[in-house]
Amino acid sequence: MCCGPCSIYPLQRVLEGKYEVHGFFYNPNIHPRKEFIKRLEATKKLAKLMQLPVIYSEDYEPEPFFAGLSGTDKKSLPLSERCTHCYRLRLQATAEAAKAGGFEFFSSSLLYSTFQNHESIIEQARVAEQKSGVRFFYEDFREGWQAGIEASKEMELFRQNYCGCIFSKGERGLLSPRNKKEVRGRRKTEKEKAKKFD
Ligand code: SF4
């Protein structure tokens, strides 16, 4: 679970499948601490509303996120490299937690966001699946994008206005030309792919 709002629709879907579901909150990418706490609290509020047991990594520990980017000029890292690292970190932790807890599958609320690189998330989840031996549950949760937004408003959950890391906070409403091009290109490709399935 990356936050409350993005978790609603994926949870509704997997709960429809009559699975016994546990949440897992591990987000060392979020910056700064007060934003981390807001998203943690929103996740707790949702968990309470949905009566969902959740394993929380509650301490604000962004080191693993930054450690994975060390040795590079972090601010000039292409979005694709930075986000791949971010997905890898969180999905591997999720798969390992699932393994430790004896769960059969793991999945991610990241698959809900139309702003994320969906293909890269799937790729990193498959790697985590192989490493952990826990099966990856895939569904294109983006189909519930609007329903999730409306539900989060009804529940009065905190709704963030940037992806999470320090870089995305800086890019909010002010993407650099290089990143703008990359984000636009990525969204265009994803829209084209989505059309093929219409
Ligand atoms: S933009 Fe989002 S997905 Fe990419 S590195 Fe930052 S927090 Fe992670």
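So, contacts along the chain: among those with a separation of 6 or more in the protein chain, 78% join residues 24 or more positions apart. Keep in mind that this is a predicted model. As for the elements behind those contacts, the protein chain has eight helices and four strands. Reading from the N terminus, the order is α-β-α-β-α-α-β-α-β-α-α-α. And of the 198 residues in the chain, 33% are buried.

Okay, the core. In soluble globular proteins, nonpolar side chains tend to be buried together. Here the largest nonpolar core has 38 residues, and the ones touching the most other members are Cys 86, Tyr 87, Ala 95 and Phe 106. Who contributes? At least two residues each come from helix H1 (4–16), strand S1 (23–25), helix H2 (33–50), helix H4 (79–101) and helix H5 (118–132). H4 has the largest share of this core, with seven residues. If you click on Tyr 87 and ignore neighbours within four places in sequence, you'll find it in contact with Leu 110, Ser 120, Ile 121 and Gln 124.

Let's go to H2. This helix has 18 residues, and from first C-alpha to last it reaches 26 Å, close to the 26 Å expected at 1.5 Å a residue. Which residues of H2 are buried? That's Phe 36, Arg 39, Leu 40, Ala 42, Thr 43, Leu 46 and Ala 47. Look down the axis of H2 and those buried residues fall within an arc of 160°, so they line one face of the helix. What covers them includes H1, S1 and strand S2 (54–56). Flip to the other side of H2 and you get Arg 33, Lys 34 and Lys 48, which are exposed. Right after H2 comes Gln 51, with a positive phi near 50°.

One more residue in H2, if you'll allow me: Glu 35. Glu 35 counts as partly exposed because it has 19 C-beta neighbours inside 10 Å, and a residue needs 20 or more to be buried. Leaving out neighbours within four places in sequence, Glu 35 is in contact with Ile 30 and Gln 160. That Gln 160 pairing spans 125 residues along the chain, yet the two C-alpha atoms are separated by 8.3 Å.

H5 next, told much like H2. It has 15 residues and reaches 21 Å from first C-alpha to last, close to the 21 Å expected at 1.5 Å a residue. The buried residues of H5 are His 118, Ile 121, Gln 124, Ala 125, Ala 128 and Glu 129. Viewed down the axis of H5, they fall within an arc of 150°, so they line one face of the helix. Remember Ile 121 and Gln 124? Both are among the contacts of Tyr 87. On the other side of H5, Glu 119 and Gln 130 are exposed. H5 is followed by Gly 133, and there phi is positive, near 80°.

Last stop, the ligand. Which residues surround it? Asn 29, Arg 82, Cys 83, Cys 86, Cys 163, Gly 164, Cys 165, Phe 167 and Ser 168. By type, this shell divides into five nonpolar, three polar and one charged. H4 and helix H7 (166–171) each supply at least two residues of it, and H4 gives the most, with three. So H4 turns up twice today: it has the largest share of the core, and it gives the most to the shell around the ligand. Cys 86 turns up in both places too, in the core and around the ligand.

Note on methods:
Residues numbered from 1 in each chain as written. Predicted model: local features only at pLDDT ≥ 70, side-chain atom pairs only at ≥ 80, totals over all residues. Buried ≥ 20, exposed ≤ 12 C-beta atoms within 10 Å, placed from the backbone. Contact = placed C-beta atoms within 7 Å. Core = buried A, V, L, I, M, F, W, Y, C linked by C-beta atoms within 7 Å. Expected span 1.5 Å × (residues − 1). Arc of directions from axis to C-beta. Near = placed C-beta within 6 Å. Nonpolar A, V, L, I, M, F, W, Y, C, P; charged D, E, K, R; others polar.
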